[in-house]
Number of protein chains: 2
Amino acid sequence: MNKIIRKNDLLAMEKNYRINLINCLSGYKPLNLVGTQDTKQQTNLAIFNSVFHLGADPALMGCIIRPNSVERHTYENILELKQFTFNHVHQDIFEMAHQTSARYPKEISEFQACSFTEEYIDNFQAPFVKEAHIKIGLDFVRAQDIPENNTILLIGAVQMIIMPEDVFQDDGFLDLEKAATVAGAGLDGYYAPTIVTRLSYAKPDRPLTRF
Amino acid sequence: MNKIIRKNDLLAMEKNYRINLINCLSGYKPLNLVGTQDTKQQTNLAIFNSVFHLGADPALMGCIIRPNSVERHTYENILELKQFTFNHVHQDIFEMAHQTSARYPKEISEFQACSFTEEYIDNFQAPFVKEAHIKIGLDFVRAQDIPENNTILLIGAVQMIIMPEDVFQDDGFLDLEKAATVAGAGLDGYYAPTIVTRLSYAKPDRPLTRF
């Protein structure tokens, strides 16, 4: 039996019920820890479920920042040092990663508070998460205000990618299952995906093949 | 053993290898079929892996559109009728959904070409996908150019949500596993997630609980 929720039903909903519902609408979400520091070496680590691919050439990624939330420290640091890291949340660290969403004061680093280890690679200034398997270093490109709800689209350029050798496939595809990367749903659901298949490039006149 | 890919390695990569790699960096992606039509009732259906939650109050969602690709028809239709639908890709329809990414001419609707059924609910003008379980109707809010790579951030306001009764949880959370929603990786990987746990709201001085 289908349920239909219309605009008026949404407006009448209890606030937390609506937050849970609307956060689930997009489907499964990527989960990344965003590592930053300010010019005084005060580090910050925050879990984001809004990271997305923006383009491969140039290699750009984006995420949505809510500057009225705990994400404010992340944003301030990115504007200061112009670098940040994305670190995939995986099955052994997802509870520590979730804990980074607690409202710690700025002088407490979530690296220490949530038992993560800062890792510095080459001369990249933002901290990576040593415990993560797949790690990406990005340069700040631009922040675009989204006035409809006072959020910010953050755009970053990929500078560095670190991951276990055996996660790489021959054609550049990454085996996220081998990396134990988890997916999210809503604000608090954690999922372990298993592969169904990959599919061949789609053409109008050719059947798909699984591989 | 870890592999480090630096900026120069990225620039030297074979094009399709880099596309596969960069598309995997964000982690697991949501997979939605976007349903539209133009003012002459010519419908279009396209799979998107870039849909994200923008905010719960007002209820806003976003996605990235590549107007130089097959996504152009979707974008033209949205500008014409100002409405569109998101329909979760699930385990029984993911191959048909992948096939919508083939380069069909505009006069051929992917609904017919890929064996989907148009569904019209209330007086909403954009077609829903009858075979989908979780369906969202959105009004066009705004399109924001992203000049860095000629993509477009599309913003929509949630007008209507349709889904099976038993997918709803008591607190507004949706059981995406019951809905058989799939997750994506890269451009062509399809995954079936299973829940690990939900976690309590994080506070600095309180341990997390699973539920």
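A disulfide here is a pair of cysteine sulfur atoms within 2.5 Å. Keep that cut-off in mind for the first stop. The model on screen is predicted.

**Stop 1: the cysteines**

Select C24(B). Look for the closest cysteine sulfur. That sulfur belongs to C63(A), and the gap from the sulfur of C24(B) is 19 Å, too far for a bond. C24(B) has 0% relative accessibility, so the residue counts as buried.

Now select C63(B). Which cysteine sulfur is nearest to the one in C63(B)? The sulfur of C63(A) is, 17 Å away, and C63(B) is in no disulfide. At 1% relative accessibility, C63(B) also counts as buried. Over all chains, the count of disulfides comes to 0.

**Stop 2: the two copies**

Show chains A and B together. Superpose chain A on chain B: the operation is a rotation of 180° with 0.0 Å of shift along its axis, and the RMSD is 0.0 Å. The two copies are therefore related as by a two-fold rotation axis.

To find the axis, select P193(A). Of the residues of chain A, this one comes closest to the rotation axis, with its C-alpha at 1.8 Å.

Next, colour the interface residues. In chain A, 100% of them are also interface residues in chain B, so the copies meet through the same surface.

**Stop 3: a sheet across both chains**

Switch to cartoon view. Find the open sheet of 6 strands, with antiparallel pairing. Trace the strands in order: β2(A), β12(A), β13(A), β13(B), β12(B), β2(B). Which strands sit at the edges? They are β2 (29-30) of chain A and β2 (29-30) of chain B, each pairing on one side only.

Zoom in on the chain A end. There β2(A) pairs with strand β12 (residues 183-185) of chain A, in the antiparallel sense, over 2 bridges. Select P30(A) and look across to β12(A): the residue opposite is A183(A). Display the backbone hydrogen bonds too, because strands of a sheet pair through them, either parallel or antiparallel.

**Stop 4: the β5(B) hairpin**

Move to β5(B) and β6(B). They form a hairpin with 2 residues between the strands. Strand β6 of chain B covers residues 59-65, and its pairing with β5(B) is antiparallel over 4 bridges. Select G55(B) to see L60(B) of β6(B) standing opposite.

Is β5(B) buried or exposed? 5 of its 5 residues are buried, so the strand is largely enclosed by the rest of the structure.

**Stop 5: aromatic rings**

Turn on the Phe, Tyr and Trp side chains. The count comes to 9 aromatic pairs over all chains. Go to F52(A) and F52(B). Their rings are stacked, 4.6 Å centre to centre, with 0° between the planes. F52(A) lies in strand β5 (residues 52-56) of chain A and F52(B) in strand β5 (residues 52-56) of chain B, so the pair joins two chains. Both F52(A) and F52(B) are buried.

For a tilted pair, select F124(B) and F128(B). The centres are 5.6 Å apart and the planes make an angle of 40°. F124(B) and F128(B) are buried.

**Stop 6: arginine over phenylalanine**

Finish with R198(A) and F173(A). The charged end of R198(A) sits over the ring of F173(A), 3.8 Å from the ring centre. Then jump to chain B. There the charged end of R198(B) sits over the ring of F173(B), with 3.8 Å to the ring centre.

Note on methods:
Residues are numbered from 1 along each chain as its sequence is written. Chains are lettered from A and ligands numbered from 1 in the order in which they are written. This is a predicted model: local features need pLDDT of at least 70, side-chain atom pairs count only at pLDDT 80 or more; totals for chains, interfaces and linings use all residues. Side-chain values use heavy atoms; hydrogens and water are left out. Rings of Phe, Tyr and Trp (its six-membered ring) pair if their centres lie within 6.5 Å; planes under 30 degrees apart count as stacked, over 60 as edge-to-face and the rest as tilted. Buried means under 20% relative accessible area, exposed over 50%, partly exposed in between (1.4 Å probe, protein chains only). A charge sits over a ring if NZ of Lys or CZ of Arg is within 6 Å of the ring centre and within 35 degrees of the ring normal. Copies are superposed by least squares on the C-alpha atoms of residues with pLDDT of at least 70 in both. Contact means heavy atoms within 4.5 Å. Two strands pair if DSSP finds at least two bridges between them.
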